[in-house]
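Me: I have a model open in front of me and would like to understand how its features get their labels. Could you walk me through the reasoning?

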Amino acid sequence: MISIRDSLVELERCHQERDAAVGCYVAAIKNLADYTIELEPAATGPQREYLNALADDASSGRPEVLGETRATLRALLRDYRDKAAHYLNRLREELDGMARALEQIMGSLAQTDDDHESRLRSALVRLRDLARSPEGKAVRSGIISAVDTVVDSLEQMRKDHQLTVVQLQVEMGMLHKRIDALEAAASVDQLTELYSRREMEERIRAATGSFSLLLARVSGLRLAEIQFRPEVAEELTAAFTKRLRNSLPPSAVIGRWGNEEFVAMLSVPASETTALAKSISEQLSGSYACLLAGKTVRPSLQLSVAVVDSEGVTPDRILQRVKGFLKSELSANSYQQSAFSNQLKHGDVPVITPVAKTGAAKS
């Protein structure tokens, strides 16, 4: 009897601790909704709505629901971080434009100030000379009084003008500080910047030292757009790009060759690139958590990778091999892609080596 009573007490204590943990988790999500930083209504409103809905789902306490809300919460926060980065980047561009406009205004004020002041002072000198001449004896006092008034007013205008310039300089300094802060805050958005196909071709042609190329065909981006929505495909592409960049050396140059084709240019031997390609093929393939109307969806990606060694090969020949692997539309390449896939199944990464070394026929 005592054992049963102790077990019931222990069970009740476990339930209380579980309820307390779920309550804290739900309260944490609601706090995230309440204290979401205000960006713009189009972004902040849905974020709060999705977080509150997520808190309502988590309040049920069911294990399968709690496990799903964890991934959804992470996706919601990541999505809002990206939106904040875009928003800050847009503010930075606007502030940069305002700073340039203020600089132009200051330049114009400085230029017109010198021009008008010199002409006004020259006219006043002539008026004084005229008042002192015999011809101006009758109106001398009136002219001198008017000239003195104009001089005083001109001096006051000059002081006001200088104060305006100083205020503009202070505002420009504040704008530049905000621009620097926003640039730092928006640096996360720069992680997804990729070179275009044309830019990658130019870099390959202009390269002087030895290098290797990592080629990746990513199946699943188009399917995600069709199966879900274009914004899901965009989020999936951004997530894959960030993982790819984090998996490569910082000096790697990454470009998007096509919708589902990527090229990375590395200043390392092909043997090292091959090891990286194996790791990337294993780690970047699989499902990704993305958001769709505040709920988590899990589109999948499958990678086919290859390595191109530049040693002893002309840029034109290198580009031919890149196109030969990445272009799946040509029937001549379909068999080649199938061979690459078979190699990958056995843990091998195809290395497209120079013709001079392999003795292969020209394609």
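Me: How many aromatic pairs does the structure hold, and what makes two rings a pair?
Reply: This is a predicted model, and the structure holds one aromatic pair. Rings of Phe, Tyr and Trp pair if their centres lie within 6.5 Å.

Me: What makes R203 count as a charge over the ring of Y195?
Reply: Happy to show you. R203 lies over the face of Y195, at 4.4 Å from the ring centre. The distance cut-off is within 6 Å of the ring centre, so 4.4 Å meets that part of the definition.

Me: Why is T237 called buried?
Reply: T237 has a relative accessibility of 11%. Buried means under 20%, so T237 counts as buried. This residue is found in helix 8, residues 230-247. Leaving aside neighbours within four places in sequence, T237 is in contact with L221, R256 and F262. In the protein, 35% of the 363 residues count as buried.

Me: How do helix 6 and helix 10 cross, and which residues make the contact?
Reply: The axes of helix 6 (residues 197-206) and helix 10 (residues 315-326) come within 9 Å and cross at roughly 140 degrees. Their crossing is right-handed. Helix 6 contributes R197, E201, I204 and R205, while helix 10 brings P315, D316, I318, L319 and K323.

Me: What classes do those contact residues fall into, and why does proline fit where it does?
Reply: The contact of helix 6 with helix 10 has four nonpolar, no polar and five charged residues. Pro counts as nonpolar by definition, so P315 belongs to the nonpolar class.

Conventions: Residues numbered from 1 in each chain as written. Predicted model: local features only at pLDDT ≥ 70, side-chain atom pairs only at ≥ 80, totals over all residues. Heavy atoms only, no water. Helix = DSSP H or I, 4+ residues; strand = E, 2+ residues; numbered from the N terminus. Buried < 20%, exposed > 50% of the residue type's maximum accessible area, 1.4 Å probe, protein only. Contact = heavy atoms within 4.5 Å. Axes fitted to C-alpha atoms, helices over the stretch in contact; angles between N-to-C directions. Left-handed = near helix turned anticlockwise from the far one by under 90°. Phe/Tyr/Trp six-rings, centres within 6.5 Å; stacked < 30°, edge-to-face > 60°. Lys NZ or Arg CZ within 6 Å of the ring centre and 35° of its normal.
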